[in-house]
Amino acid sequence: MSIIKSDPLLTVEKLSYTYSDGRVALRDISFTLEKGERLGIVGPNGAGKSTLLLHLNGSILCPPDTYSIRGVVVGKRNRNLARETVGLMFQQPDDMLFNLTVCDDVAFGPRRQVISREELKDRVQGAIHAVGLEGFEERPPFHLSLGEKKRAALATLLAMRPEVLALDEPFNSLDPAGKREMIALLAKLPQAMIVVSHDLEAVLHLCGRVLILNNGNIIADGPPYSLFADTTLLESCRLV
């Protein structure tokens, strides 16, 4: 009996992008992401990592026929499919927190969807519980520590219920305890993840697969244990 395989959750095929100043950011990027998969993306500064996340979230529109979600090609007319499927967390949580309270920030996105008050309440409470910020609902975000801000920013994504979390440097500037807490938090979440980070140790603990980007190209794609053991590869990409 033949087995029918479903389409990958995300498929990127020969995606290229050039900035307005002529600098090439991405060169023929191709990969897939399966449901529930945790994919790490590492590389030196300027490798194209953050630019790639912006494409996956629909913040930058992909060229025709280069990006699909469950087999549906994403284009100008259905751009919201990318925004609804892929929740993007920026490097700086202050870029995502702008309301007077944590609760208002977490509720901001769902309030713009057609849902009942009961569902809105459930989403907000569930997201705050998932990131361990119970009791912080009425706190002003600018009074939080960096680790707490990152968790609040993550909660704003979880309240929108995306299938994929695209996380840009989620461990950046955290102290060792804060980094361990963030890794443990993310490991418990059921969503597929794309984790961009310079922290190879954190990626090793969290992700089962890694892409190494350099100069807009995918240099390697494989298990983190084998790739991170290749000192020559890491040195060539300025990762050690």
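**Exercise 1. Contacts and overall form**

Residues 24 or more positions apart account for 63% of the contacts in the protein with a separation of 6 or more. This is a predicted model. Find out how the radius of gyration of the protein compares with that of a compact globule of 240 residues.

*Solution.* Begin with the expected value: for 240 residues, a compact globule would have a radius of gyration near 18 Å. The protein itself has 18 Å, and so the two values agree. Next, consider the extent along the principal axes, where the C-alpha atoms fill a box of roughly 50 × 50 × 40 Å. Within this form the secondary structure comes to 9 helices and 10 strands, and 48% of the 240 residues count as buried.

**Exercise 2. Surface and charge**

Determine what share of the exposed area of the protein is supplied by carbon and sulfur atoms, and how far apart the mean positions of its positive and negative charges are.

*Solution.* The protein exposes about 12400 Å², and 50% of this area is supplied by carbon and sulfur atoms. For the charges, take the 27 positive and the 29 negative ones as two groups, and find the mean position of each; these two mean positions are 3 Å apart.

**Exercise 3. The length and surroundings of helix α5**

Test whether the distance between the ends of helix α5 (residues 146–158) agrees with the span that its residues should give, and then decide to what extent the rest of the structure encloses the helix.

*Solution.* First, the rule multiplies 1.5 Å by one less than the number of residues, and for the 13 residues of α5 the helix should therefore span 18 Å. The end C-alpha atoms of α5 are 18 Å apart, which agrees with that expectation.

Second, 10 of the 13 residues of α5 are buried, so the helix is largely enclosed by the rest of the structure. Among these buried residues are Glu148, Lys149 and Lys150, as well as Ala152, Ala153 and Leu154. The elements that cover the buried residues include the strands β6 (86–89) and β7 (164–168), together with the helices α3 (102–108), α4 (117–130) and α6 (176–188).

**Exercise 4. Two residues in helices**

Classify Leu154 and Thr51 as buried or exposed, and list the residues that each one touches beyond its neighbours in sequence.

*Solution.* Leu154 belongs to helix α5, and because its relative accessible area is 0%, Leu154 is buried. Not counting residues up to four places away in sequence, Leu154 touches Met89, Val131, Leu165, Leu167, Leu185, Leu186 and Leu189. His143, by contrast, is 11 residues from Leu154 in sequence, and the C-alpha atoms of the two are 17 Å apart in space.

Thr51 lies in helix α1 (residues 49–56), and its relative accessible area of 6% is under the 20% limit, so Thr51 is buried as well. Leaving aside neighbours within four places in sequence, Thr51 is in contact with Tyr17, Tyr19, Ala25, Leu26 and Ile60.

**Exercise 5. Positive phi angles**

Locate Lys14 and Ser173 in the secondary structure, give the phi angle of Lys14 and of Ser173, and state whether Lys14 and Ser173 are buried or exposed.

*Solution.* Lys14 is found in strand β1 (residues 10–18), and although Lys14 is not a glycine, it has a positive phi of about 55 degrees. Its relative accessibility is 62%, and since exposed means over 50%, Lys14 counts as exposed.

Ser173 sits in the loop between β7 and α6. Its phi is near 70 degrees, which is again a positive value in a residue other than glycine. With a relative accessible area of 59%, Ser173 is exposed.

How values were computed. Residues numbered from 1 in each chain as written. Predicted model: local features only at pLDDT ≥ 70, side-chain atom pairs only at ≥ 80, totals over all residues. Heavy atoms only, no water. Helix = DSSP H or I, 4+ residues; strand = E, 2+ residues; numbered from the N terminus. Buried < 20%, exposed > 50% of the residue type's maximum accessible area, 1.4 Å probe, protein only. Contact = heavy atoms within 4.5 Å. Rg over C-alpha atoms; globule rule 2.2 N^0.38 Å. Areas by Shrake-Rupley, 256 points an atom, 1.4 Å probe, with all protein chains shown as cover. Lys, Arg positive; Asp, Glu negative; His and termini not counted. Charge placed at Lys NZ, Arg CZ, Asp CG, Glu CD.
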